[in-house]
Amino acid sequence: MALLEVDDVVVRFGGVTAVNRARFSADRGVITGLIGPNGAGKTTCFNVITGLQKPTKGRVRYRDRDVTGWPVHRRARHGVGRTFQRLEAFGSLSVRDNVRVAQEIHGGPLAWFGGRRGAVSVEMLLDRVGITEYADERADSIPTGTARLLELARCLASDPQLLLLDEPSSGLDETETDAFGELLVELAAEGCSILMVEHDMDLVMSVCHDIHVLDFGEIIASGAPADIRTNPDVQRAYLGYAEGDGDLDGDTGVIPAVEEVV
Amino acid sequence: MGSLFAFTLLGLFTGAAYAIMASGLVLTYTTTRVFNIAHGAFGMFLSFVFWDFTQRQGMPTVLSLILVLGVVAPAIGWFIQRFVTRGLGEGPVSVALVVTVGLLVGLIGLAQQIWPPEPRVLLPFWSGTGWQVGDIFVTAHQLITLVCAVAVAFGLYLLLNRTRIGTAMRASVDNPELLKLFGGKPDRVAALSWAIGISLAALGGILLTPVVLLDYYALTLLVINAYAAAMLGRLKSLPMTFAGAMILGVLESWAVGYLPTDGFLASFRPVIPALFLFAIVVLMPQAQLRIGQVKGIVTAPVPSMRLSIGSGAGVLVVVLLLVNLVAPNQVLLIGVAATYAIVMLSLVLLTGYGGHVSLAQFTFAGVGALAYAKLDEPNLFGLLVSALIAAAVGALVALPVLRLTGLYLALSTMAFAVLMDKVVFNAEFAFKFNGTLAAERLSILGLRIGSDTAYVWFMVLAFVLLALGLLVLRRGALGRLLVAMRDSPSACGTLGLDLRWFRVGLFALSAGIAGLAGGLFAGLRGTVGAADFLYFQSLLVLLLAVVFGATSVTGALLGGTALMLLPELQAASPSMAGLLFAVIGFGAVLLGRDPNGIANHLFRVGRWLRSRVAPGLEERLQALLPRGGAADGTDGAVDVPLVDVPLVEVSGGDPADTMVIEKVV
Amino acid sequence: MSVPILDVIDLHAAYGRIEVLRGVDLSVPRGAVMALLGPNGAGKSTLVKVISGQKEATSGDIHLAGVHVQGARSEDLARVGLCTIPEGRSVFPNLTVEENLVLMSYAGVPASAVLDTAYGYFPRLHERRHQLAGTMSGGEQQMLAMSRALASDPALLLLDELSMGLAPLIVDELYETVARIAESGVSILCIEQFARTALRVADYAAVMSGGRIVATGEPGEILETMADVILGGAA
């Protein structure tokens with residue numbers, strides 16, 4: 001049963017079509033990947049899902065309700081949370097206060113005057129994503145990777161049912177990325193559905209249940225990681241050629257899996 | 001029918017002049033993203049220059065016109081772009097607004113200084129010449145206005161579409177960075193558009209002077225007409241701006257022709273532009289949340305609670321001493337300062353913490369004062385209701401612009417201030433034209449605070465309590481929310497905050513605080529009238545709040561005191577009256593980029609002093625004074641000695657701790 | 001050995017406290033086409049911004065044709081023969097095609113010559129000369145952007161992610177244009193994320209990752225390294 005359905009969404013900026021009849025879904029309790037080359041329209045899709053961008057055409061359904069006309073905050077109140085590719089942490093607040101604000105927004109006006117407290121404490125959230133040591137730093141002074149984790153913690157503070165992560169692992173090193181992958185799997189196991197835009201293919205392939213590939217604003221492939229990995233359309237979109245195209249002096253074999261160069 | 005045609009035609013002539021002015025506004029705004037609130041003020045200033053050239057220096061009209069439009073105005077425009085507004089377009093809207101409001105006030109001051117008030121006449125071009133067209137008489141001046149508008153429209157069209165620099169102007173609207181990669185110079189483009197824009201402001205001003213007279217304020221307010229016209233084209237489209245200007249001109253003309261000449265409706269005539277503006281703003285579509293906002297602003301640090309309470313008590317003691325020492329008439333001045341300081345507190349909340357600019361804050365004080373006088377409930381309940389009424393009015397102003405942000409919100413408040421100033425406050429149900437209302441001083445629990453000294457001290461108490469309340473709020477959840485909303489509205493939205501209602505609430509709270517100040521002010525004065533709450537006063541409140549620091553309550557205290565002193569200084573040396581305005585206005589231009597203002601610099605000095613002097617001083621003071629003892633002996637009720645205040649907590653020596661201790665009152 | 005057209009030595013740059021370029025060394029020989037590849041976030045676009053004068057470096061040196069140019073403004077660099085086509089659609093969407101071309105004359109070539117070259121090369125642009133650039137397809141917009149490189153006869157051409165968001169067929173077409181520009185003797189540094197096509201026209205290639213150049217060499221050698229860096233074990 002799909003939690004989120006993006007149905008035939010078109011977004012045009014002036015004459016440029018950023019998203020062209022995209023149709024994909026995200027299921028409950030699993031991690032779904034949305035991948036594609038730079039400029040394929042992934043972030044625009046996220047903006048449409050969260051309500052920051054009105055689609056030119058098409059519908060967004062969430063929990064079987066048409067939310068296309070809903071304002072941003074209403075979708076958030078119904079459990080749609082997101083992180084941003086270009087970071088949107090509250091720069092002049094401390095890391096701890098970033099999460100606290102999220103909790104307070106989630107708690108509503110009562111919480112603003114010290115009434116209600118969230119079930120999960122701020123410290124626990126910071127600990128969960130592993131940024132406790134930065135708790136007292138100003139959010140605009142922490143490294144990118146940490147800020148991404150902060151955005152995740154902030155989002156978790158609002159207790160989302162659908163978590164949209166926009167390139168969450170860029171800026172993290174290998175060990176951090178592994179830990180991050182585990183965290184995602186844990187979250188999904190707890191019942192949080194995740195839709196993730198990500199460039200780190202190792203991460204995507206290892207944690208995602210389903211993957212949708214967006215290219216040139218269109219969904220060119222959908223399926224399980226194993227199918228996506230060998231899909232010629234996907235390879236063409238990424239590399240400009242597919243295994244077996246054989247257009248560059250005989251180099252047609254399967255590209256060997258080697259450790260990252262860095 | 002004949003008269004309808006006549007009024008329409010007359011309206012088109014005025015509309016033509018508005019169109020000239022508005023097109024200049026649009027040109028500068030689109031190419032540099034700086035909305036020039038001082039656009040009308042530049043028109044005013046340059047009309048005075050034109051008067052000076054033609055009447056005082058006796059130069060021929062054509063030569064003067066060429067000099068003003070071709071040399072003086074472009075030079076000013078170039079200078080302003082080069083040294084004042086450059087780079088403002090990329091920053092927060094509030095900074096650009098404050099800087100251009102500073103220009104507005106500064107220009108008025110400068111004009112008053114150079115050309116002191118006296119009747120001046122600027123005759124229409126070829127006055128006396130005209131033609132009978134059917135049953136109306138068209139003057140040469142009107143025809144020239146129309147011809148100028150057509151020429152401006154045509155000239156701008158040619159410039160923007162047929163020349164490379166004009167194409168570059170439009171290109172820099174899209175993407176100035178890319179223009180640089182093309183080898184174009186966005187700075188040169190911006191300077192040119194400011195030069196042309198100011199020149200058009202001058203031409204519009206000169207053409208309109210025979211209609212609105214050579215007046216510092218009337219010509220300055222033409223920016224609202226220009227803005228209203230430009231809004232029809234969403235501040236972007238020049239053809240729509242021309243259309244908007246013509247519609248506005250015709251509406252005004254019809255108002256002259258068909259509205260009754262006396263009574264409440266008659267007072268609507270001068271506010272047609274403001275009403276027109278509201279109508280368009282209400283019809284505008286929802287602004288989308290933007291991603292990638294200005295973030296990580298450094299604000300003045302929030303003082304610790306202990307320090308705040310100590311400082312507040314200190315202020316109360318000092319004021320208690322002052323009100324008993326100074327001359328009786330000066331006691332009232334302290335009350336006036338407290339009024340301004342409270343109004344500035346409302347700006348600390350709205351602008352300093354929230355990042356929104358209001359150009360009508362003193363008008364809300366007026367609403368509070370009016371409500372207090374009308375209610376005739378001189379007690380805390382009456383004061384509270386007055387504040388609530390002001391808050392409700394504040395919410396009403398924010399509601400139509402609920403969907404809009406930044407610039408539109410601020411400009412709508414200015415239109416609102418003018419509307420209140422010219423219509424509502426003068427209406428029969430309010431203060432009446434040139435009238436006043438009596439207001440009694442309030443009683444608390446049946447005890448009337450009658451004496452000046454007690455009442456003024458009570459006002460200062462209200463300031464201190466509000467300031468403490470504001471600091472509590474700032475340290476709490478609401479304060480964090482305000483900062484978060486300023487840093488990234490889109491993140492707040494995606495976390496579930498309804499920014500629109502939050503903004504309305506913020507606006508209402510801020511207006512309520514200002515309204516409270518108004519209520520107290522009414523009690524202080526005993527009689528209040530419309531003349532106490534001119535829209536211009538709101539601009540001064542904003543400027544001084546920003547100059548002294550809109551992010552701290554100390555800034556509000558200093559700003560309030562300064563604003564109280566301003567008319568006193570002006571009265572003391574009338575020849576310098578304009579100069580003081582100019583100093584404040586241009587001071588705000590210099591300091592407007594840093595909303596932390598002078599107060600923050602004082603904190604820095606205080607911090608430095610404490611790090612240098614405090615350790616030794618503390619030792620010596622402790623040797624001199626028994627700790628906690630009321631050594632001043634003036635009032636046993638206050639048991640926090642002043643001298644202790646800055647020293648509290650320094651002994652901790654923790655660097656994180658010393659960051660918090662900034663507040664020196 | 002002749003002086004390289006572009007010589008970058010130990011270049012560092014940062015956004016706030018976050019260092020993005022951590023000692024980049026890169027040299028583009030005169031008349032050569034160099035492809036600079038690397039994954040997202042490697043610092044490629046930042047490098048382009050620093051070379052083109054849009055962003056200040058924290059330390060290090062840049063020499064253009066042997067001249068030390070650090071700190072020069074981008075508009076001045078553009079006028080002395082550095083043509084930068086930045087990431088994304090690098091045209092003015094609300095200007096017509098012809099107006100876009102007219103603005104290209106700021107680089108020093110008369111407007112009429114720019115129009116002749118562009119229309120001669122891309123007849124499609126002539127058909128659409130009165131159309132707003134933003135309403136054309138992505139490929140056509142990149143043609144328009146490339147016209148600047150064609151018409152202004154630059155000393156060095158910086159291409160940032162030319163293929164972004166374009167169908168492979170169109171990318172091929174664009175790279176044919178790049179090859180032709182290269183034939184006329186223009187030195188080119190082209191930055192790509194996923195780029196077999198870029199390697200086809202390149203004489204040399206370099207791989208960037210984590211703010212440094214991690215490999216340089218002939219296109220053939222680089223290709224293998226590339227697949228690892230970008231798709232990991234995926235492909």
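## A helix across a sheet in chain C

Helix H1 of chain C, residues 44–51, lies across S1, S2 and strand S4 (59–64) of that chain. H1(C) runs at about 70 degrees to S2(C). Such angles run from 0 to 180 degrees between N-to-C directions, with axes fitted as lines to C-alpha atoms, for helices over the stretch in contact. Helices (H or I, at least four residues) and strands (E, at least two) are DSSP runs, numbered from the N terminus.

This is a predicted model: local features need pLDDT of at least 70, side-chain atom pairs count only at pLDDT 80 or more, and totals for chains, interfaces and linings use all residues. Residues are numbered from 1 along each chain as its sequence is written, while chains are lettered from A and ligands numbered from 1 in the order in which they are written.

S1, S2 and S4 of chain C belong to an open sheet of four strands, in the order S2-S1-S4-S5. Its pairing is antiparallel. Two strands pair if DSSP finds at least two bridges between them. Which strands form the edges? They are S2 (18–28) and S5 (67–68) of chain C, and each pairs on one side only. Strand S1 of chain C, residues 6–15, meets S2(C) over eight antiparallel bridges. Across from His12(C), in S2(C), stands Arg22(C).

## A buried strand in chain C

Now take strand S7 of chain C, residues 156–160. Why is S7(C) described as largely enclosed by the rest of the structure? Five of its five residues are buried, so the description fits. A residue is buried if 20 or more other C-beta atoms lie within 10 Å of its own, exposed if 12 or fewer, and partly exposed in between; C-beta atoms are placed from the backbone. Both faces of S7(C) are covered. Leu156(C), Leu158(C) and Asp160(C) are buried on one side, and Leu157(C) and Leu159(C) on the other.

S7(C) has parallel partners. Strand S6 of chain C (residues 82–85) pairs with S7(C) over four bridges. Here Cys83(C) has Leu157(C) as its bridge partner. Strand S8 of chain C (residues 187–192) pairs with S7(C) over five bridges. In that pairing, Leu156(C) is matched with Ser187(C).

## Two domains in chain C

Chain C is divided into domain 1 (1–81 + 155–235) and domain 2 (89–153). These bounds come from an automatic or database domain assignment. Taken over C-alpha atoms, the domain centres are 23 Å apart.

How many residues of each domain are in contact with the other? Ten residues of domain 1 of chain C touch nine of domain 2 of chain C. Contact here means that the C-beta atoms of two residues, placed from the backbone, lie within 7 Å. On the domain 1 side, the elements giving two or more residues are helix H2 (74–79) and helix H7 (168–183) of chain C. H7(C) gives the most, with four residues. By class, the domain 1 side has seven nonpolar, two polar and one charged residues. Ala, Val, Leu, Ile, Met, Phe, Trp, Tyr, Cys and Pro count as nonpolar, Asp, Glu, Lys and Arg as charged, and the others, Gly among them, as polar.

## Chain A and its six-stranded sheet

Chain A has ten helices and ten strands. Of its 262 residues, 49% count as buried. Among its contacts between residues at least 6 apart in sequence, 65% join residues at least 24 apart.

One open sheet in chain A has six strands, ordered S6-S7-S8-S3-S9-S10, with mixed pairing. Its edge strands are S6 (80–82) and S10 (218–223) of chain A, each pairing on one side only. Neighbouring strands of this sheet are turned by 20 degrees against each other on average, direction ignored. Strand S3 (residues 31–35) and strand S8 (residues 193–197) of chain A run parallel, joined by four bridges. Gly33(A) has Met196(A) in S8(A) as its bridge partner.

## A proline in chain B

Where is Pro92(B)? Pro92(B) sits in the loop between helix H3 (61–85) and helix H4 (93–114) of chain B. Pro92(B) is partly exposed, with 18 other C-beta atoms within 10 Å. Arg593(B) is 501 residues away along the chain, yet 9.4 Å separate the two C-alpha atoms.

## Confidence

The model scores ipTM 0.90 and pTM 0.82. For chain C, the mean pLDDT (the predictor's confidence in each residue, from 0 to 100) is 84, and 91% of residues reach 70 or more. In chain C, confidence is highest in helix H3 (residues 97–103), at a mean of 93, and lowest in helix H9 (residues 219–231), at 68. Over residues 231–235 of chain C, pLDDT stays under 50. The model has 13 contacts beyond four places in sequence for that stretch.
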